[in-house]
Amino acid sequence: MGFLDKNVSDTQIKLRNRLWLYFLSAIILFLLIVPSLVVIPMSFSSSQYLEFPPKEWSFRWYENYFFSWKVENGFNDWMAATRTSLLVAVLTIFVATPIGTLAAYGLTNSTSRLRAVLFPIMISPMMVPIILVAIGLFYFYVQFKMVNSILGLVLGHSLVAMPLVLIIVMSALKNYDMNQEKVARSLGASRPRAFVEITLPQIKFSLISASLISFLTSFDEIIISLFVSGGDNSTITRSMFLTLRDQIDPTIAAISTILIIISSGLLIISQLLSSKSK
Amino acid sequence: MAVLDQNLNQAALTQLAQREHYTFFGLTLPYLVLVGAMIIIPIGWLFFLSFIGRDGSFSFENYERMINSKAYIRIFLTTFKISILTTFFCALLGYPLAYFMSQISRKWANICMIGVLIPFWTSLLVRTYAWLVLLQKKGLVNSVAVDLGLISEPIKFVHNTSGTLIGMVHIMLPFLILPLYANMRAIDPHCVKAASSLGATPTRAFWTVFFPLSIPGLLAGLLIVFVLCLGFYVTPAVLGGGKVIMAAMKISSNIELYFSWGAASALGVVLLVVTMLILFIASKLVSLDQFGQRS
């Protein structure tokens, strides 16, 4: 067992004396990753009760989800909710990313003393407890008859996604040499052209990952959706939350499995992008 | 003549700088307008509503109710109790893992980091639902514990405080690990080496050198977790089964069930002030952009 006497740190600690840390870390990592995965076998159970491991297997909960417009499959039109969520998430990308990027560009280049004041205001949607943002928006939308509208949802979700875009793009611009734009402009390019042709291609990976985050932020958002959406424009997270609070419906396990696949896919893409942009 | 030219030049330059200044400010305008219209004005309005009594006139009754009513005091106590316990358990689990990750090679640390990021990217509802499934009376945790002889009969984990805590610790743990790990990576390993070359045992070198240097990261993580817990809604609502009522849930039920905007606003204002106070202290300690990300 010679490998146990290997030094594993600068202070000459032997692996033997550090084994406990390796075990403990493995357990903590296990607890972080594995619990969410339990929904995958559950989603293939044929039973209505949540027994583990399932005694019989079936696709009935996936059928429930994909054919949810049929009356016998319950009250929730999951497909309509999914369409709403996808539409809102895609539109959120197109609102949050450009607005966040412009603001990041302006804020990074500005030498004004206002910067120190503006930045905390701009990330305030991330700081203020989200429940307050949600009831504030609800009150605001009631005045403008925007409750239950797609526009209201997109604006609400963009509000939460914009600070994330701002932070990602600002950190990309911090590592970018702005003099390159000056060179382009001294050669006769206008500022927008210099930005589009010189800066944009160099920060594009950050922009893509900012878009991914915007999409996911919107798609997973629950509390704002809970207050400002409803009726035909209910989002999938809203329907899931309301169902979860009241009953145990294994259709949720099927939807959860699909959501895990989507978010793991996005995580892999964003990891690849971040390694590429370095 | 030369002096005049220089002045002219100076004036033109100043004007250009001024224009530049307005351009950059203009670029942030769409963002500022959205935040102003959708955060600052609505929350200002809620602040105003919190001072309006039932009869529609100015009064402090919404705040008085909070001090006098046992129900509200219980909600404050529950909110703080759950937040403090969650933060404590996150530190207990997060510190060793972050320390481990800071001690191994970057390649392995990045692999472990994926383990931390997976739950971070998985929908909050999915994770909450998973715990609901696991912790039930007939769930996996109970059946394994009974089979192993750890407990004689199934324990009720969900729809109470323990279920809420387990779920919340799982959800908050990455928020603690990320800033803490970043801080630990930045600690110069030579410091610990120096301590041990001067004769400190590994344990002593850790407690007198490494641990004090990791405190800023730990503090940042603790404060982020605590603040997020204070305003938490989804997990306690599902795993608490109506028995664990936190501030955010009371705000929501005040509006959904009782249409009582004044009461909801007053509770919201208190929550906001406490949150901002903690964040203000935090901003004195660490850089602000470590906060947030997928709450």
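## Exercises on a predicted two-chain model

Of the eight residues in helix H9 (residues 179–186) of chain A, zero are buried, so H9 lies largely in the open. Keep in mind that this is a predicted model.

**Exercise 1. Look just past H9(A): which residue there has a positive phi?**

Solution. Follow the chain on from H9(A) and you get to A:Gly188. The phi of A:Gly188 is positive, near 110°.

**Exercise 2. Work out the secondary structure and the overall dimensions of chain A.**

Solution. Start with the elements: there are 14 helices and zero strands in chain A. From the N terminus on, the pattern is therefore just α-α-α-α-α-α-α-α-α-α-α-α-α-α.

Next, the dimensions. The C-alpha trace of chain A spans about 70 × 70 × 30 Å along its principal axes. Its radius of gyration is 24 Å, while a compact globule of 278 residues would come out near 19 Å.

Now the interior: 45% of the 278 residues in chain A are buried. Finally, take the contacts in chain A between residues at least 6 apart in sequence; 68% of them join residues at least 24 apart.

**Exercise 3. Do the same job for chain B: how many helices and strands does it have, and what does its C-alpha trace span?**

Solution. Chain B has twelve helices and zero strands, and reads α-α-α-α-α-α-α-α-α-α-α-α along the sequence.

The C-alpha trace of chain B spans about 100 × 75 × 30 Å along its principal axes. A radius of gyration near 19 Å would go with a compact globule of 295 residues, but chain B has 26 Å.

As for burial, 41% of the 295 residues in chain B are buried. Of the chain B contacts with a separation of 6 or more, 74% come from residues 24 or more positions apart.

**Exercise 4. Describe how helix H4 (residues 78–109) and helix H11 (residues 204–220) of chain A pack.**

Solution. Two packed helices are described by the angle between their axes and the distance between the axes. Here the angle is about 135° and the axes of H4(A) and H11(A) are 8 Å apart.

To classify the angle, note that roughly antiparallel needs over 145 degrees and roughly perpendicular runs from 65 to 115. H4(A) and H11(A) are therefore oblique to each other. The crossing of H4(A) past H11(A) is right-handed.

Then pick out who touches whom. On the H4(A) side the residues include A:Ser85, A:Val88, A:Thr92 and A:Ala96, and on the H11(A) side they include A:Leu207, A:Ser211, A:Ser214 and A:Phe215. By class, this contact has nine nonpolar, eight polar and no charged residues.

**Exercise 5. Place A:Arg16: which helix holds it, and which residues does it contact beyond its neighbours within four places in sequence?**

Solution. A:Arg16 sits in helix H1 (residues 15–37) of chain A. It has 13 C-beta neighbours inside 10 Å, so A:Arg16 counts as partly exposed. Setting aside the neighbours within four places in sequence, A:Arg16 contacts A:Leu4 and A:Asp5.

For a long-range check, go to A:Ile255, 239 residues away along the chain: its C-alpha atom and that of A:Arg16 are separated by 45 Å.

**Exercise 6. Analyse the side of chain B that touches chain A: which helix gives the largest share?**

Solution. First, the tally: 73 residues of chain B are in contact with 72 residues of chain A. The largest share of the chain B side, 15 residues, comes from helix H1 (residues 2–49) of chain B. By class, that side has 51 nonpolar, 17 polar and five charged residues.

How values were computed. Residues are numbered from 1 along each chain as its sequence is written. Chains are lettered from A and ligands numbered from 1 in the order in which they are written. This is a predicted model: local features need pLDDT of at least 70, side-chain atom pairs count only at pLDDT 80 or more; totals for chains, interfaces and linings use all residues. Two residues are in contact if their C-beta atoms, placed from the backbone, lie within 7 Å. Helices (H or I, at least four residues) and strands (E, at least two) are DSSP runs, numbered from the N terminus. Ala, Val, Leu, Ile, Met, Phe, Trp, Tyr, Cys and Pro count as nonpolar, Asp, Glu, Lys and Arg as charged, and the others, Gly among them, as polar. A residue is buried if 20 or more other C-beta atoms lie within 10 Å of its own, exposed if 12 or fewer, and partly exposed in between; C-beta atoms are placed from the backbone. The radius of gyration is taken over C-alpha atoms; the globule rule is 2.2 Å times the number of residues to the power 0.38. Axes are lines fitted to C-alpha atoms, for helices over the stretch in contact, and angles run from 0 to 180 degrees between N-to-C directions. Angles under 35 degrees count as roughly parallel, over 145 as roughly antiparallel, 65 to 115 as roughly perpendicular and the rest as oblique. A crossing is left-handed if the near helix is turned anticlockwise from the far one by less than a right angle, and right-handed if clockwise.
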